[in-house]
Amino acid sequence: MISLPDMKLFLNSIANPAHRFSLSCLCHTRNIGCIFYVMAASPIMRIPCKVAELSLDISLNCGQSFRWKKRPSGEWAGVLAGYLWLMNQDEAGLNYRVVKPVVQSEASPSESLPAKKAEMKECIDYEHMVKDYFQLDIDLESLYRQWSLADANFDKVAKNFVGVRMLKQDPVENLFAFICSSNNNIQRITGMVEKLCETYGNHLLTYEDVAYYTFPSIESLAEEKVESKLRTLGFGYRAKFIQQSAAKIMKNGGRDWLLNLRTVSYLEAKSSLMTLPGIGAKVADCICLMSLNHSVAIPVDTHVFQIAKANYVPHLSQTKSVTDKVYNEISAHFQSLFGTYAGWAHSVLFSADLRHLRVPPPVAKKRNATDVTKEKPALGRAQRKKK
């Protein structure tokens, strides 16, 4: 009988994931006594969706979530709900695949048969998960038209930034990721979130030589030793806030307490979040907007402050910092201008201000000798008289 370590080593030596999966199934049916993990990749699935309704390249790369990465193939890869998702799109639709680890075991034919039957009956509604995550039930084109009519500046910006859609994230991941965002940039936040997952999450699978992890549980981040460990990983003062917030959330009721903030008013949800260590108005508004369904929330950071001064609240042009009064004034202005989904509209303006997403100006084409139209030179005044 082949041993478990030998079987794992043999399977991992096979380059093609599809062949690994097929061979693992063959081992199972041939009664080779072992238990091991393999990857099962779904076929490519598709949802009709215009880029005007969803732009992956902006929505997954504008600082909402920090766990999506674009692969050399052009696909976006990220962990969502315990699966690895691979996504890309064309003008008319969203294409996606799901890769998940599958436990293959062999005890005896009689013991494995019920499990295999249950596995065959399993039906996961991946399409619903995608639609829910991207909130595709919301008519984004219609909202863009409303916002463009309400604001000339939005109308100008939106032409190059269509399909900017708010994600409906897991509030646990969203909350701790944005504690990391304090005085930070997208690149560094992404690195910190990766370290959190690698250190306190569970290894989900390794796909094409890249390891993917689940996001840590609140319980794992609430342990006292977390702060010192995170400090050694370069989190600085944020380490204390992560551990203390996790501990307080556990005391408040854990994940259920966070999820319940989706059911209360926006102001109540924001106030509740601001009782946690390391969470001020901006981070609270990010969490309200990105994972708690409060679409009216307006996170005011440096980008939004500058946008507001330049285009919306000109009397603040000489203001140097964002006080509570200034923060509330800017938020109220956007909420009054854009309505219920003000947070979504603000995210379009925010995305347009990000350096890595800015649309470069068109480059003037250099003329060369072959491009110049051969014309008769214009006659000078003397030549015209002579003629």
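Me: Before we count anything, what is a salt bridge here?
Reply: A salt bridge is a side-chain nitrogen of Lys or Arg within 4 Å of a carboxyl oxygen of Asp or Glu.

Me: Good, and how many salt bridges does that rule give?
Reply: The count comes to 16. Keep in mind that this is a predicted model.

Me: Fair point. What is the mean pLDDT of the chain?
Reply: The chain averages 85, and 77% of its residues reach 70 or more.

Me: And where does pLDDT stay under 50?
Reply: One such run covers residues 107–113, and another covers residues 115–121. For residues 107–113 the model has three contacts beyond four places in sequence, and for residues 115–121 the number is also three. Where pLDDT is low, the predicted coordinates should not be read in detail.

Me: Got it. Back to the salt bridges: what does Glu173 pair with?
Reply: Glu173 pairs with Arg67, at 3.8 Å from N to O. This pair links distant parts of the chain, with the two positions 106 residues apart in sequence. Glu173 belongs to helix α8 (residues 171–179), while Arg67 lies in the loop between α3 (56–59) and β3 (69–70).

Me: Are those two buried or exposed?
Reply: Both Glu173 and Arg67 are buried.

Me: What about Lys159, which partner does that one have?
Reply: Lys159 forms a salt bridge with Asp155, and their closest N and O atoms are 3.3 Å apart. Lys159 counts as exposed because its relative accessible area is 58%, and the cut-off for exposed is over 50%. Asp155 has 32%, so Asp155 is partly exposed.

Me: And Asp353, what is its partner?
Reply: That would be Arg358, with the closest N and O atoms 4.0 Å apart. Asp353 is partly exposed at 21% relative accessibility, and Arg358 is partly exposed too, at 45%.

Me: Which residues do shared partners join into one network?
Reply: Salt bridges with partners in common join Arg71, Glu75, Arg97 and Glu208 into one network.

Me: Nice. Switching to the whole chain, how many helices and strands are there?
Reply: There are 19 helices and eight strands.

Me: How much of the chain counts as buried?
Reply: Of its 387 residues, 45% count as buried. The accessible surface comes to about 21000 Å², and carbon and sulfur atoms account for 54% of that.

Me: Last one: what share of contacts joins residues at least 24 apart?
Reply: That share is 68%, taken among contacts in the chain between residues at least 6 apart in sequence.

Methods. Residues are numbered from 1 along each chain as its sequence is written. This is a predicted model: local features need pLDDT of at least 70, side-chain atom pairs count only at pLDDT 80 or more; totals for chains, interfaces and linings use all residues. Side-chain values use heavy atoms; hydrogens and water are left out. pLDDT is the predictor's confidence in each residue, from 0 to 100. Contact means heavy atoms within 4.5 Å. Helices (H or I, at least four residues) and strands (E, at least two) are DSSP runs, numbered from the N terminus. Buried means under 20% relative accessible area, exposed over 50%, partly exposed in between (1.4 Å probe, protein chains only). Accessible areas come from the Shrake-Rupley method with a 1.4 Å probe; for residues, only the protein chains shown count as cover.
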